[in-house]
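Student: I would like to learn how to read a structure like this one, feature by feature. Could we begin with a single residue and then work outward?

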Amino acid sequence: MAHFDTLALRATHQIDPITGAVVPPIHLSTTFARNETNELPADYVYTRPNNPTREALEKALATLEGGAVGMAFGSGQAATMTLFQALRPGDHVVLASDAYYGTPALLEQVFHPWGLTYTRVNMSDIDAVQQSIHENTRVVWCETPSNPMLAITDLLTISSIAHDAGAICVCDNTWATPALQRPFDFNCDVVMHSTTKYLSGHSDVLGGALIFRQNDELAKRIRTLQSLSGAVPSPFDCWLISRGIKTLGVRLRAQTATAQTVAEFLDGHYAIDTVHYPGLANHPDRALIHQQMNAPGAMLSVQVKGGAEEALQFIGKLKLFTRATSLGGVESLIEHRASVEGPNTTTPQNLLRLSIGLEHPEDLINDLAQALDAIR
């Protein structure tokens, strides 16, 4: 198989057969004409069920993850919601206790009243995962590295537990991306992405995706739900995400190198209590990280000595980091995660989440150093 950089470029590179344009056109049309005998010249009727630009993105996503079929959605939450909609009232979901906060919010506020049940569990505790399996468990949902604690899940073991129970294993691969980790290599069944993040990579488009290892009955049901619900990205959004994918490998490689440098600096700083980053030599899951990830990625979290007051004081002094939510763009972002998640958060009040961009590492470290010195 080609290296990822080549794969990402070729998967999104389709020369227009009519004009020969190297950059493919955006098919903005919502409807498609029939000929004199009322036949369609291609398989497109209306943009909600299918569109050439979205189809190109979906094929690229499947190629990058090594799956059979990809589906694009209007957001990561829309992708997650559609997968849960494919279940039935009375079904049970096992969910990572430190999954992205929007995932349990969907289950609790939307699907639990509808009839789904769920159990949140520490995916690092294999015995606890096994004990959380019910007769009606249909989905085991994991996220690795997790948001925002960067916990690492053993995908091969968790997928085996799911399959033994007759359930599917879904992996949120947003933080790692297929450039760093391919969950299908560890027997996961579905990969979820917020394409808003690293895949698009420029903080300017909202999107989500589901990729399926097999084009089975579940995939076909979700394709139907995608079409009927209309929770799909616009053609222009799909084009922007495809454009971002072309540079994913080189962007993430540079961002990861800087994140490693930043993490090592913070790990030795007197004002920092804990650094959560898969690339640190003292990480307890180092062997597992090397087994299933090509590199540790560009996300890290730190716990400042003190509480929320010290954490907020610190980020208020930063000049290069932008205080904003989201992640995966070319600019470095920092946020007080508990403030974003609200009163029901389980995130420590002294925790800050950093998304490392493409600025020079020395400049980022100097910015962090002066801000930390200011809260002594």
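**Reading the model, from one residue outward**

Tutor: Let us start with Thr47, which lies in the loop between H1 and helix H2 (52-65). Bear in mind throughout that this is a predicted model.

Student: Is Thr47 buried or exposed?

Tutor: A residue is called buried when its relative accessible area is under 20%. Thr47 has a relative accessible area of 13%, and therefore it is buried.

Student: Which residues does Thr47 touch, once residues up to four places away in sequence are not counted?

Tutor: Thr47 touches Ser29, Thr30, Phe32 and Arg54. With Ser29 there is a specific polar link to look for, since the side chain of Thr47 reaches the backbone oxygen of Ser29 at 2.6 Å.

Student: What is unusual about the phi of Asn38?

Tutor: Asn38 is found in the loop between H1 and H2, and its phi is positive, about 70 degrees, although Asn38 is not a glycine. With a relative accessible area of 51%, Asn38 is exposed. Ser203 also has a positive phi, near 55 degrees, in a residue other than glycine; Ser203 lies in the loop between strand E6 (190-193) and strand E7 (208-212), and at 45% relative accessibility it counts as partly exposed.

Student: Where are the cis peptide bonds that join Thr144 to Pro145 and Asn147 to Pro148?

Tutor: Omega is the angle to inspect here: it is about -10 degrees for the cis bond joining Thr144 and Pro145, and about 10 degrees for the cis bond joining Asn147 and Pro148. Pro145 is in the loop between strand E4 (137-143) and helix H6 (155-164), and Pro148 lies in the loop between E4 and H6 as well.

Student: How should I read a helix, and how many of the residues of H3 are buried?

Tutor: The general idea is that an α-helix has 3.6 residues a turn, so residues three or four places apart point the same way. In the present case seven of the 10 residues of H3 are buried, so the helix is largely enclosed by the rest of the structure. The buried residues are Gly76, Ala78, Ala79, Thr80, Thr82, Leu83 and Phe84.

Student: What surrounds Gly76, leaving aside its neighbours within four places in sequence?

Tutor: Gly76 is in helix H3 (residues 76-85) and is buried, with a relative accessible area of 8%. Leaving aside those sequence neighbours, Gly76 is in contact with Met192, His193, Ser194, Gly207 and Gly208. The C-alpha atoms of Gly76 and Lys197 are separated by 9.5 Å, although these two residues are 121 residues apart along the chain.

Student: Which side chain makes a polar contact with the side chain of Asn173?

Tutor: That partner is Gln181, at 2.8 Å from side chain to side chain. Asn173 is found in the loop between strand E5 (168-172) and H7, and its relative accessibility is 0%, so Asn173 counts as buried. Its contacts beyond four places in sequence include Glu65, Thr144, Pro178, Val191, Met192 and His193. Thr144 is thus a contact of Asn173 as well as a partner in the cis bond to Pro145.

Student: How is the chain divided into domains, and how is the area between them described?

Tutor: The domain assignment gives domain 1 (4-243) and domain 2 (248-374), and 26 Å separate their centres, taken over C-alpha atoms. The size of an interface is often given as the accessible area lost when the parts come together. Here the area buried between domain 1 and domain 2 is about 2,900 Å², of which carbon and sulfur atoms give 61%. Ile152, Leu180 and Tyr198 supply 27% of the area that domain 1 buries against domain 2, more than any other three residues. In terms of contacts, 29 residues of domain 1 meet 39 residues of domain 2.

Student: How many salt bridges and polar residue pairs are counted between the two domains?

Tutor: The count is one salt bridge. Arg253 forms a salt bridge with Asp5, the closest N and O atoms being 2.7 Å apart. There are also 10 residue pairs in polar contact between the domains, both residues at pLDDT 80 or more. On the side of domain 1 that touches domain 2, helix H1 (4-11) and helix H7 (177-180) each supply at least two residues, and H7 gives the most, with three residues. The residues of that side divide into 16 nonpolar, 10 polar and three charged.

Conventions. Residues numbered from 1 in each chain as written. Heavy atoms only, no water. Domains from an automatic or database assignment. Contact = heavy atoms within 4.5 Å. Buried area = accessible area lost by both parts, 1.4 Å probe. Salt bridge = Lys/Arg side-chain N within 4 Å of Asp/Glu carboxyl O. Polar contact = N/O pair within 3.5 Å; in protein donor to acceptor, adjacent residues only side chain to side chain. Helix = DSSP H or I, 4+ residues; strand = E, 2+ residues; numbered from the N terminus. Nonpolar A, V, L, I, M, F, W, Y, C, P; charged D, E, K, R; others polar. Buried < 20%, exposed > 50% of the residue type's maximum accessible area, 1.4 Å probe, protein only.
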